[in-house]
Amino acid sequence: MAESNSGITEIVFFDLETNVPKRSGEKFWVLEFGAIVVCPRKLVELDSYVTLIRPGDLSVVALRPGRCGAITRQAVSNAPSFEEVADKIFEILDGRVWAGHNIQRFDCVRIKEAFASIGRPAPVPVGMIDSLGVLTQKFGRRAGNMKMASLATYFGLGQQKHRSLDDVRMNLEVLKHCATVLFLESSLPSVLNKSWHDAPTVQTRSRSLLDPRTYNSPSTLKDQLHNSSNTITTRRLSSDNGKLPSKEELSRKSPPTTTLFHQQRPFPYSTRGSIRKVTERVKINHVLSNILKHSHLLR
């Protein structure tokens, strides 16, 4: 277990940049690895490491960047191979708490694949903090969606550069901002906690609570539904400008969105009629509760 001099287990925020396979079953090649080591008590950066990585097949890297700051074939042609930097990557990851945005679904899988490809055991974390899942549950979809670029724009942190070291530092800043907002709301819940629900640019919390990606078991869903509002709303998945997201926006690092329409959602009510009945029962129960509460006045 990697610990600081004070005996505190450190957190490593890391991010990978890879090629985007054109067909199903094609291999992901790691093109860049970036990480920062953070003290969990002070949230200060203790160490950092970033390197470009030359893939085994250079043809998977575009000759020209598809977006600003993207990695080109020329940039990685003289970079070290993954095998040459594997020792350093193992050292910075192994025995620490891993943190990052959507790392559980993407980055952790790619790291394991990369080490397996050179016949070496992969580093092992002592814990994991995936900010995609944490923020979806705790912060909600206030930024419109859970992409790092959207969250950064929401807090005025600038544009995401899609480069490993820049992105992990942005990830940490987003978490700091979200934690501060949640702390303030918990201090005055009756005043601050409801203000973001009333804002016109904010998405409702109920969709994120009912999102199948948020739950690992039916019991968790039941508990969340019990604590959520009785009003259930839905929204159309779209980009911030009202248009469907482009292929570039739907990158391999983005949280899944369109697949929601092809999954069976753990939704407690199956038809519109059922929702109407449930709403009526809630209203009736509310009336009965008021009658019972003031029943002593009828004697």
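**Aromatic pairs, nonpolar cores and helix α4**

Both Phe 33 and Tyr 49 are buried in this predicted model, and the two residues also belong to a cluster, linked through ring pairs, that takes in Phe 14 and Trp 98. Nine aromatic pairs are present in the structure as a whole. In one of them, Phe 14 and Trp 98 meet edge-to-face, with 5.4 Å from centre to centre and 80° between the planes. This pair connects distant parts of the chain, since Phe 14 belongs to strand β1 (residues 11–18) and Trp 98 to strand β4 (residues 97–100), 84 residues apart. Phe 14 and Trp 98 are likewise buried. The rings of Phe 33 and Tyr 49, by contrast, have centres 6.2 Å apart and planes at 50°, so this pair is tilted. Here, too, distant parts of the chain are linked, with Phe 33 in strand β2 (residues 30–38) and Tyr 49 in strand β3 (residues 45–52), 16 residues apart.

Aromatic rings are also found beneath charged side chains. The charged end of Arg 110 is placed over the ring of Phe 28, at 4.2 Å from its centre, while Arg 142 lies over the face of Phe 139, 4.2 Å from the ring centre.

The largest nonpolar core comprises 22 residues, and those with the most contacts inside it are Phe 13, Ile 36, Leu 135, Leu 151, Val 174 and Cys 178. Two or more residues are given to this core by each of β1, β2, β4, α4 (131–138), α5 (148–154) and α6 (164–187), and the most come from α6, which supplies seven residues. When residues up to four places away in sequence are not counted, Leu 151 touches His 101, Leu 135, Ala 143, Asn 145, Met 146 and Val 174. A second core, separate from the largest one, has 21 residues, among them Val 12, Val 37, Leu 93 and Ile 103.

Helix α4 contains the buried residues Ser 131, Leu 132, Leu 135 and Thr 136. These residues lie on the same side of α4, because the arc that they cover around the axis is only 125°. In general, an α-helix has 3.6 residues a turn, so residues three or four places apart point the same way. At the start of α4, a side-chain oxygen of Asp 130 comes to within 3.0 Å of the backbone nitrogen of Leu 132, and just after the helix Gly 140 adopts a positive phi of about 80°.

Key: Residues numbered from 1 in each chain as written. Predicted model: local features only at pLDDT ≥ 70, side-chain atom pairs only at ≥ 80, totals over all residues. Heavy atoms only, no water. Phe/Tyr/Trp six-rings, centres within 6.5 Å; stacked < 30°, edge-to-face > 60°. Helix = DSSP H or I, 4+ residues; strand = E, 2+ residues; numbered from the N terminus. Buried < 20%, exposed > 50% of the residue type's maximum accessible area, 1.4 Å probe, protein only. Lys NZ or Arg CZ within 6 Å of the ring centre and 35° of its normal. Core = buried A, V, L, I, M, F, W, Y, C linked by side-chain atoms within 4.5 Å. Contact = heavy atoms within 4.5 Å. Arc of directions from axis to C-beta. Polar contact = N/O pair within 3.5 Å; in protein donor to acceptor, adjacent residues only side chain to side chain.
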